[in-house]
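User: I'm new to this structure and would like a close look at one part. Could you walk me through the salt bridges?

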Amino acid sequence: MNLPKTRFTEMLIKENGLDPDDFQSWAFWPGMLFNSPDKWWGDHGRRDFPHEGIDFCLYMDRSGKLLRFGAQTRIPVMHDGLVRALFADYLGLAVIIEHEHPQNRNEKLISVYAHTKPKKEIQPGAVVKEGDIIATIAETHRSKAKILPHLHYSIGRPSTDLVYEPFVWNIMRDPARVALLEPINLVDWPCQVLNPKNY
């Protein structure tokens, strides 16, 4: 299923005071991509489960320099929706937002913004509009994995009987409860996959 692109990068650039002319492309280590079996941090070994989404962290500037977002980066929400749950992940909190399918109003989707520090008003039942700042990227300096601050993003179709409270990470791994979709199709900016040997 090809989902229409959002304005996520455009909004993130604006909300974090970046120069859109200098933001050349998103950059991803292979392990940052959806369904990757490998880690992009620590020992770079195998993940326990295939990656459930994509990790936004790195980008290239106009000169080809590799840059990264850090903790405190402001995160705009991609779609109008309703906050359904928050839960602790191993780097911060994850925010679950339910929203209409952009091509089928009779179908719901959920987006997961993980490894974040949500704003105080982002609680279950809160209504959010495209572009609202829902959180910042969480600090990771206390992580034993020595992982860079990043935004994990997943999108999927929830089952009609999905219960949001309590919501835990393993629910996303259960295709009977959430059918995960390829999130990179939503990205409104060029993307490139880095060769680890070059960096």
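Analyst: Sure, and keep in mind that this is a predicted model. The structure holds 12 salt bridges, so let's take a few of them one by one, using the 4 Å limit between a side-chain nitrogen of Lys or Arg and a carboxyl oxygen of Asp or Glu.

Start with glutamate 52 and arginine 173, whose closest N and O atoms sit 2.7 Å apart in a salt bridge. This pair ties together distant parts of the chain, 121 residues apart. Glutamate 52 belongs to the loop between strand 1 (23-28) and strand 2 (54-56), while arginine 173 lies in the loop between helix 2 (169-172) and strand 12 (178-181). How buried or exposed are the two partners? Glutamate 52 has 6% relative accessibility, so it counts as buried, because the cut-off for that is under 20%. Arginine 173 comes out as partly exposed, at 31%.

Next up, aspartate 174 and arginine 177 join their side chains in a salt bridge, at 3.0 Å from N to O. Here aspartate 174 is partly exposed, with a relative accessible area of 23%, and arginine 177 is partly exposed too, at 34%. Elsewhere, salt bridges with shared partners link Arg7, Glu10 and Glu130 into one network.

Finally, look at arginine 46 and aspartate 38, another salt-bridged pair, with 3.2 Å from N to O. Arginine 46 has 58% relative accessibility and therefore counts as exposed, since that label needs over 50%. Its partner, aspartate 38, is partly exposed, with 29%.

How values were computed: Residues numbered from 1 in each chain as written. Predicted model: local features only at pLDDT ≥ 70, side-chain atom pairs only at ≥ 80, totals over all residues. Heavy atoms only, no water. Buried < 20%, exposed > 50% of the residue type's maximum accessible area, 1.4 Å probe, protein only. Helix = DSSP H or I, 4+ residues; strand = E, 2+ residues; numbered from the N terminus.
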